[in-house]
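This report introduces a protein model to a reader who has not met it before. It takes up one covalent link, then the nonpolar interior, and lastly a patch on the surface.

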Amino acid sequence: MAAPTILRSLLAASAALLALAPVALAGPTAHGAAPDAAAMIVGGAPVSDGSWPSIVALVPAGGSAELSTFCGGTLIAPAVVLTAAHCVIDASGATKPAASLEAVIGADDLTAPADRIAVTGIRVHPGYRVEGDAPDAALLLLSRPAPAP
């Protein structure tokens with residue numbers, strides 16, 4: 001890998017870590033409630049209900065959307081979500097079992113009831129590698145079509 005490519009990768013990784021640091025450091029409060037999102041978002045603005053119907057929160061099957069969302073994605077077809085491959089790879093480098101995941105579709109408030117759909121299949125980009133400069137993409141196949149466009 002050429003030095004400029006490595007430098008770009010390191011800069012991108014550093015920027016991502018800096019962006020996520022406030023969220024990671026805030027963590028849940030002592031009584032288990034989620035941190036105040038408004039205090040952690042810089043330059044954001046509230047959205048009206050339904051503004052982002054194709055947005056997806058990935059949660060462990062049966063987990064609280066408010067407290068256990070670990071990644072996001074985008075609905076790219078009625079029953080297909082595009083997400084990052086690193087979201088569906090476990091610590092050993094294996095793909096997580098599809099049945100262990102659910103997609104929360106179109107929720108702009110994770111404390112409110114939302115459409116949850118089971119994941120039935122995971123397709124990780126064949127070029128993805130845990131370490132390295134590779135396509136970080138995966139498709140999640142849903143058990144039923146989402147009502148969102």
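## The disulfide

In this predicted model, the link of Cys71 and Cys87 is left-handed, with -80 degrees about the S-S bond. Cys71 belongs to strand S2 while Cys87 sits in the loop between strand S3 (80–83) and S4, so the pair ties together parts that are 16 residues apart in sequence. The sulfur atoms of Cys71 and Cys87 are 1.9 Å apart, and both residues are buried. A search of the whole structure finds one disulfide.

## The nonpolar cores

The largest nonpolar core has 23 residues, and Leu75, Ile105 and Leu142 are those with the most contacts inside it. Five strands, listed below, each give two or more residues to this core.

| Strand | Residues |
|---|---|
| S1 | 55–60 |
| S2 | 71–77 |
| S4 | 101–105 |
| S5 | 115–124 |
| S6 | 138–142 |

A second, separate core of five residues includes Ala57, Val59, Val104 and Ala107. Leaving aside neighbours within four places in sequence, Ile105 is in contact with several residues, among them Ile55, Val56, Leu75, Ile117 and Leu142.

## The surface patch

Ile55, one of the contacts of Ile105, has its place in strand S1. Is Ile55 buried, partly exposed or exposed? Ile55 counts as partly exposed, because its relative accessibility is 41%. Together with Val47 and Trp52, Ile55 forms a nonpolar patch on the surface, and the three residues have about 310 Å² of accessible area together.

Terms used. Residues numbered from 1 in each chain as written. Predicted model: local features only at pLDDT ≥ 70, side-chain atom pairs only at ≥ 80, totals over all residues. Heavy atoms only, no water. Patch = residues over 30% accessible without salt bridge, like charges linked within 9 Å, V, L, I, M, F, W, Y side chains within 5 Å. Areas by Shrake-Rupley, 256 points an atom, 1.4 Å probe, with all protein chains shown as cover. Salt bridge = Lys/Arg side-chain N within 4 Å of Asp/Glu carboxyl O. Helix = DSSP H or I, 4+ residues; strand = E, 2+ residues; numbered from the N terminus. Buried < 20%, exposed > 50% of the residue type's maximum accessible area, 1.4 Å probe, protein only. Core = buried A, V, L, I, M, F, W, Y, C linked by side-chain atoms within 4.5 Å. Contact = heavy atoms within 4.5 Å. Disulfide = S-S within 2.5 Å.
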